[in-house]
Amino acid sequence: MTRLAAEFWVQAYLTRLRLNDIPAFVVARGDDTAGAVLVKLNTLDGQARAFQRSFDLMTGARNWAILTEGDEPEVDAAIARQRGFDPDLWVIEVEDRAGRHLLDEPGLSD
């Protein structure tokens, strides 16, 4: 299976969010080709979730799983720890009171 370059995927994701009037921005820029991506969903009420790509070894499926959720400062601390382990990590912050992130849509979910 061919994987998209991280920067290409990030730009496509930001475009899809923009087309749905969902504000988002790059918090940390990772490696252009092989960097992993974390998506932080900020619901603007002091709460947040961080999503990461996961891989099901049994089925080979890729999907987005919650890395952490809760008070925004705690989520930010968890993301900072992940960046400490992986400096090539991209972090995208999505701001939406309704909790929309589009990661479950075709083309983004798999």
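## Sheet, cores and salt bridges of a predicted model

Glu7 counts as partly exposed because its relative accessibility is 27%. The structure described here is a predicted model, and Glu7 offers a convenient entry into it through its charged partner. The side chains of Glu7 and Arg29 meet in a salt bridge, with N and O 2.9 Å apart. Glu7 belongs to helix H1 and Arg29 to the loop between strand E1 (24–28) and E2, so the pair ties together parts that are 22 residues apart in sequence. Arg29 is itself partly exposed, at 45% relative accessibility. Arg29 also forms a salt bridge with Asp32, a residue that counts as partly exposed at 32% relative accessibility.

In general, side chains of opposite charge can pair when their charged atoms come close. The count of salt bridges in this model comes to 8. The table lists three of the pairs.

| Salt bridge | Closest N to O distance |
|---|---|
| Arg29 and Glu7 | 2.9 Å |
| Arg29 and Asp32 | 2.7 Å |
| Lys40 and Glu72 | 2.7 Å |

The pair of Lys40 and Glu72 links distant parts of the chain, with Lys40 in strand E2 and Glu72 in helix H2 (residues 72–85), 32 residues apart. Lys40 is buried, because its relative accessible area of 3% falls under the 20% cut-off. Through shared partners, salt bridges join Lys40, Glu72, Asp76 and Glu93 into one network.

**The sheet**

Five strands build an open sheet with mixed pairing, in the order E1-E5-E2-E3-E4. E1 and E4 are at the edges with a single partner strand each, so one side of each is left without a neighbour in the sheet. From one strand to the next, the twist averages 25°.

At one edge, E1 and E5 run antiparallel and are joined by 4 bridges; here Val26 stands opposite Ile92 in E5. E2 and E3 (residues 47–55) are likewise antiparallel, with 5 bridges between them. Lys40, already met in the salt-bridge network, has Ala50 in E3 as its bridge partner. The hairpin of E2 and E3 has 4 residues between the strands, and Leu44 takes a positive phi near 60° in it.

E3 continues the pattern with E4 (residues 62–71): these strands run antiparallel and share 9 bridges. Within this pairing, Ser54 stands opposite Asn63 in E4. The hairpin formed by E3 and E4 has 6 residues between the strands, and Gly60 in its turn has a positive phi of about 80°.

**Helices and cores**

Both helices lie across strands of the sheet. H1 lies across E1, E2, E4 and E5, and runs at about 5° to E5. H2 lies across E1, E2, E3, E4 and E5, running at about 130° to E4.

In soluble globular proteins, nonpolar side chains tend to be buried together. The largest nonpolar core in this model has 18 residues, of which Trp9, Tyr13, Val37, Val39, Ile92 and Val94 touch the most other members. Helix H1 (6–19), strand E2 (37–42) and strand E5 (90–95) each supply at least two residues of this core, and the largest share, 6 residues, comes from H1. Apart from its neighbours within four places in sequence, Tyr13 is in contact with Val39, Ile92, Val94, His101, Leu103 and Leu108. A second, separate core holds 8 residues, including Val75, Ile79, Leu89 and Val91.

Notes. Residues numbered from 1 in each chain as written. Predicted model: local features only at pLDDT ≥ 70, side-chain atom pairs only at ≥ 80, totals over all residues. Heavy atoms only, no water. Core = buried A, V, L, I, M, F, W, Y, C linked by side-chain atoms within 4.5 Å. Buried < 20%, exposed > 50% of the residue type's maximum accessible area, 1.4 Å probe, protein only. Contact = heavy atoms within 4.5 Å. Pairing = 2+ DSSP bridges. Salt bridge = Lys/Arg side-chain N within 4 Å of Asp/Glu carboxyl O. Axes fitted to C-alpha atoms, helices over the stretch in contact; angles between N-to-C directions.
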